[in-house]
Amino acid sequence: MSTTVEKSIVVVETAIPKEVLIEEVKEEESVLREAPKEVKDVVDQAREESSEIEPSEIEPKTGVSFPIKPYNGLQLNSLGLRKKQILTIGVKIYAFGIYMDNKAMKDVVNSKMEKAPEKPTKELYELMINSDVMAMVRLVIIFPALTMSMVRKQFDEGIGGSVKKLNGGKKDEELVNKVMGAAKDSIKLSSGSVIEITRLPGYILQTKVKGELVSSVESELLCRAYFNMYLGDEPFDKVAKEGFGKSLISLF
C-alpha cells in the first residue's frame, strides 16, 4: 500500500518542479481569500470531510473494502475470501480481513524467536494462534441468501472441526455452541452485513453480528481453534494465510 503511494509522489515531484507547486498553492489560497463566505464554507467542509476519510484496502476477488485501522490499536494484516463448494461450484460466502494488535504481537515474536525466518513457518503461525494478543476477523457477507441459521451451522461445523483437531480428537459441542448459540434467527443478513469475531486478552472470544454483541466466551481452546481455521494447516484461504505470515515476519 505505502509503496504505491511513495512511487506516485516521486513521479509528481519529478514532473512538476517544487517552486511551481508552491506558486500554485499560493494562488489557490489567494483566490479563496477573496471568495464569498459561502464558497469558503464549502471548501472548509470538503477539507474536513476528506481528512476524516478512513484509509482502507480492497479485497480483490470481491471488491469489499476493509478499514486498515478500525479501532483499539488493531491493524489490518491480510485479506481473504471464504468459499463453499455447492454441487462442485465454489460459492463466495464472505470476504474477510484479519486484524491484530501488531505492537503487542511484536513483543511476543521477538521474545520467542531470535531472528526472523526467511519465510513464514508453522512455529511463527502458532505463536499467533496460541497467544492471547488482541486480534479480530471481520467477515463481510457476500452470499445474498444467507440466513442466521445457515451461518450458525457453517460456523459450528468449521470451528467444531478445529476444536476437535486441537483437542486430541475430542468434540466439545457445548463449547462451540456458545459462540453463535445466542444469535437470533430474526437477525437479517444481507450482502454487506458485517460479523466481527474478536479475541480479547485473557482468551475471550467475542462475537458481534451487525454491531450486536451475541456472545463473549472465555476459553483458550476456543480462541486457538478459531484462528486455527484461518492460519492453521488447512486454512480457508491459503493466500490470506501467506499474506498474514509475511506481516508477522515484518514485526521482527
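In what order do the six strands of the open sheet lie? The views below start from that sheet and then turn to the helices and cores of this predicted model.

**View 1. The open sheet runs in the order β3-β4-β5-β6-β7-β8.** Its six strands pair in the antiparallel sense. At the edges sit β3 (75-86) and β8 (212-218), each with a pairing partner on one side only. From one strand to the next, the twist averages 20 degrees. If you would like a reminder while tracing the ladder, strands of a sheet pair through backbone hydrogen bonds, either parallel or antiparallel.

**View 2. β6 and β7 form a hairpin with three residues between the strands.** The two strands run antiparallel and are joined by six bridges. One pair to look for is Ile-195 with its bridge partner in β7, Val-209. In this hairpin, Gly-202 has a positive phi near 100 degrees.

**View 3. A second hairpin links β7 and β8, with two residues between them.** Strand β7 covers residues 204-209 and pairs with β8 in the antiparallel sense over six bridges. Follow Ile-204 across to β8 and you meet its bridge partner, Glu-218. Val-209, for its part, stands opposite Glu-212 in β8. Lys-210, in the turn, takes a positive phi of about 55 degrees.

**View 4. Two helices, α7 and α8, pack on the sheet.** What does α7 (residues 173-180) touch on the sheet? Its contacts there are with β6 (194-200), β7 and β8, and its direction makes about 150 degrees with that of β8. Helix α8 (residues 220-231) touches β4 (89-100), β5 (135-141), β6, β7 and β8. The direction of α8 makes about 60 degrees with that of β5.

**View 5. Helix α8 is mostly covered, with 10 of its 12 residues buried.** Among the buried residues are Leu-221, Leu-222, Cys-223, Ala-225, Tyr-226 and Phe-227. Farther along α8, Asn-228, Met-229, Tyr-230 and Leu-231 are buried too. How far apart are the end C-alpha atoms of α8? They are 16 Å apart, which agrees with the expected span because 12 residues at 1.5 Å a residue should also cover 16 Å.

**View 6. The largest nonpolar core brings together 53 residues.** Ile-159, Tyr-226 and Tyr-230 have the most contacts inside this core. Helix α8 supplies the largest share, nine residues. Zoom in on Ile-159 and, leaving aside neighbours within four places in sequence, you will find it in contact with Val-176, Leu-205, Leu-222, Ala-225, Tyr-226 and Met-229. Apart from the largest core lies another, of 10 residues, including Phe-66, Leu-74, Leu-79 and Val-140. As a general backdrop, nonpolar side chains in soluble globular proteins tend to be buried together.

**View 7. Stepping back, the protein chain comes to nine helices and eight strands.** Of its 252 residues, 39% are buried. Among contacts between residues at least 6 apart in sequence, 63% join residues at least 24 apart. The accessible surface of the protein chain is about 14900 Å², and 54% of that surface belongs to carbon and sulfur atoms.

Notes: Residues are numbered from 1 along each chain as its sequence is written. This is a predicted model: local features need pLDDT of at least 70, side-chain atom pairs count only at pLDDT 80 or more; totals for chains, interfaces and linings use all residues. Side-chain values use heavy atoms; hydrogens and water are left out. Two strands pair if DSSP finds at least two bridges between them. Helices (H or I, at least four residues) and strands (E, at least two) are DSSP runs, numbered from the N terminus. Axes are lines fitted to C-alpha atoms, for helices over the stretch in contact, and angles run from 0 to 180 degrees between N-to-C directions. Contact means heavy atoms within 4.5 Å. A nonpolar core is a set of buried Ala, Val, Leu, Ile, Met, Phe, Trp, Tyr and Cys residues joined through side-chain atoms within 4.5 Å. Buried means under 20% relative accessible area, exposed over 50%, partly exposed in between (1.4 Å probe, protein chains only). The expected span of a helix is 1.5 Å times one less than its number of residues. Accessible areas come from the Shrake-Rupley method with a 1.4 Å probe; for residues, only the protein chains shown count as cover.
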